[in-house]
Each structure stands twice: as structure tokens, then as C-alpha cells.
Amino acid sequence: TYVVTEACIRCKYMDCVEVCPVDCFYVGENMLVIHPDECIDCGVCEPECPAEAILPDSDERAAAWVEHNRKFAQAWPNITRKGTPPPDADEWKGKPDKMQFFSP
Ligand code: SF4
Ligand code: F3S
């Protein structure tokens, strides 16, 4: 599976949802997640993210995020069309330690 990681928080560009063939993205207040059981591992979303927030679970940086994605994919609504990103998304791109800003 692929998962969305910390770099999405407060960036939430949503380019990813437009390309997913199985529509397995779910939307929270300031980040998206992928449902790990629905993702078919096609990889097309990974290069679409301007924040480089999407990683395969084989990447060590993704390990801690698989259960986070599963948990919130079950709680949040599905999203298939790109909305308006936060106005300050570019300012948060690449910033470290954004987990403190995560809104469940
Ligand atoms: Fe969707 Fe493919 Fe990305 Fe999985 S890897 S979330 S199936 S676009
Ligand atoms: Fe997040 Fe990147 Fe999608 S910032 S919403 S994973 S395009």
C-alpha cells in the first residue's frame, strides 16, 4: 500500500485524489489519508503530490503512518475531487514536525 505521511499536514494540495483509480483517499480537516486495504499499489498518486507526502509502505519513513491511515480512513469521508488547498499551503511545504498540528 501507499500511505499519506506528515508532509501532507497543512498542505493538503489534493492533487492526489484526482488520479487514484480506486478512489481510496479520505479527507480530514488538514490532511488526507489512504485506506491501506483499498489501495491497489498502482503508485500513480506518489509523483502528483507537491509536498512529497505520499510514500510506499516499504519506505521506512512510512512505517509509522500505515495504522494512522487505516484508522482515519475508516472515520473520514471519501474524497475524489480536488478542492481548494489551504491559502498558506506553500508556507507549510517541507516544514518538519507538523504532527503537532494534526486535526483528527
Ligand atoms: Fe490510489 Fe494508486 Fe495511490 Fe493507491 S497508489 S492511493 S491505488 S493512486
Ligand atoms: Fe496531501 Fe499531497 Fe494529497 S499534500 S492532499 S498527499 S497531493
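Reader: Which residues come nearest to ligand 2?

Author: This is a predicted model, and 14 residues surround ligand 2 in it. Their shell divides into eleven nonpolar, no polar and three charged residues. Those that come nearest to ligand 2 are Cys8, Tyr13, Cys16, Cys49 and Ala51.

Reader: Which residues come nearest to ligand 1?

Author: Ligand 1 has 14 residues around it. The shell of ligand 1 holds twelve nonpolar residues, one polar and one charged. Nearest to ligand 1 come Tyr2, Cys20, Cys39, Cys42 and Cys45.

Reader: What average pLDDT does the protein chain have?

Author: The model scores ipTM 0.98 and pTM 0.97. In the protein chain, 100% of the residues score at least 70. The average pLDDT of the chain is 98.

Reader: In what order do the elements of the protein chain run from the N terminus on?

Author: The protein chain has three helices and four strands. Helix H1 spans 15-19 and is followed by a loop that leads to E2, while a further loop joins helix H2 (66-73) to helix H3 (89-92). From the N terminus on, the order is β-α-β-β-β-α-α.

Reader: What radius of gyration does the protein chain have, against that of a compact globule?

Author: The C-alpha trace spans about 30 × 30 × 25 Å along its principal axes. For 104 residues, a compact globule would have a radius of gyration near 13 Å, and the value for the protein chain agrees with this. That value is 12 Å.

Reader: What share of the contacts between residues at least 6 apart in sequence joins residues at least 24 apart?

Author: Buried residues make up 35% of the 104 residues in the chain. One pair distant in sequence is Ala75 and Gly28, 47 residues apart, whose C-alpha atoms are 8.9 Å apart. Among the contacts between residues at least 6 apart, the share joining residues at least 24 apart is 80%.

Reader: Against which strands do the buried residues of H2 pack?

Author: The buried residues of H2 are Asn69, Phe72 and Ala73. They cover an arc of only 105 degrees around the axis, so they lie on the same side of H2. An α-helix has 3.6 residues a turn, so residues three or four places apart point the same way. The strands that the buried residues of H2 pack against are E1 (2-4), E2 (25-27) and E3 (32-34).

Reader: Which exposed residues does the face of H2 turned away from its buried side carry?

Author: The buried side of H2 is formed by Asn69, Phe72 and Ala73. The face turned away from that side carries the exposed residues Glu67 and Lys71.

Reader: Is Ala75 buried or exposed?

Author: Ala75 sits in the loop between H2 and H3. A residue with 12 or fewer other C-beta atoms within 10 Å is exposed. Because Ala75 has 10 C-beta neighbours inside 10 Å, it counts as exposed.

Reader: How far apart are the C-alpha atoms of Pro21 and Glu67?

Author: Pro21 belongs to the loop between H1 and E2, and with 9 C-beta neighbours inside 10 Å it counts as exposed. Pro21 and Glu67 are 46 residues apart along the chain. Their C-alpha atoms are separated by 22 Å.

Reader: Is Arg10, with its positive phi, buried or exposed?

Author: Arg10 lies in the loop between E1 and H1, and its phi is near 70 degrees. A residue counts as buried with 20 or more other C-beta atoms within 10 Å. Since Arg10 has 22 of them, it is buried.

Reader: What is the phi of Asp97?

Author: Asp97 lies in the segment after H3 and counts as exposed, with 8 C-beta neighbours inside 10 Å. Asp97 is not a glycine, yet its phi is positive, at about 55 degrees.

Methods: Residues numbered from 1 in each chain as written. Chains lettered and ligands numbered in written order. Predicted model: local features only at pLDDT ≥ 70, side-chain atom pairs only at ≥ 80, totals over all residues. Near = placed C-beta within 6 Å. Nonpolar A, V, L, I, M, F, W, Y, C, P; charged D, E, K, R; others polar. pLDDT = per-residue confidence, 0-100. Helix = DSSP H or I, 4+ residues; strand = E, 2+ residues; numbered from the N terminus. Rg over C-alpha atoms; globule rule 2.2 N^0.38 Å. Contact = placed C-beta atoms within 7 Å. Arc of directions from axis to C-beta.
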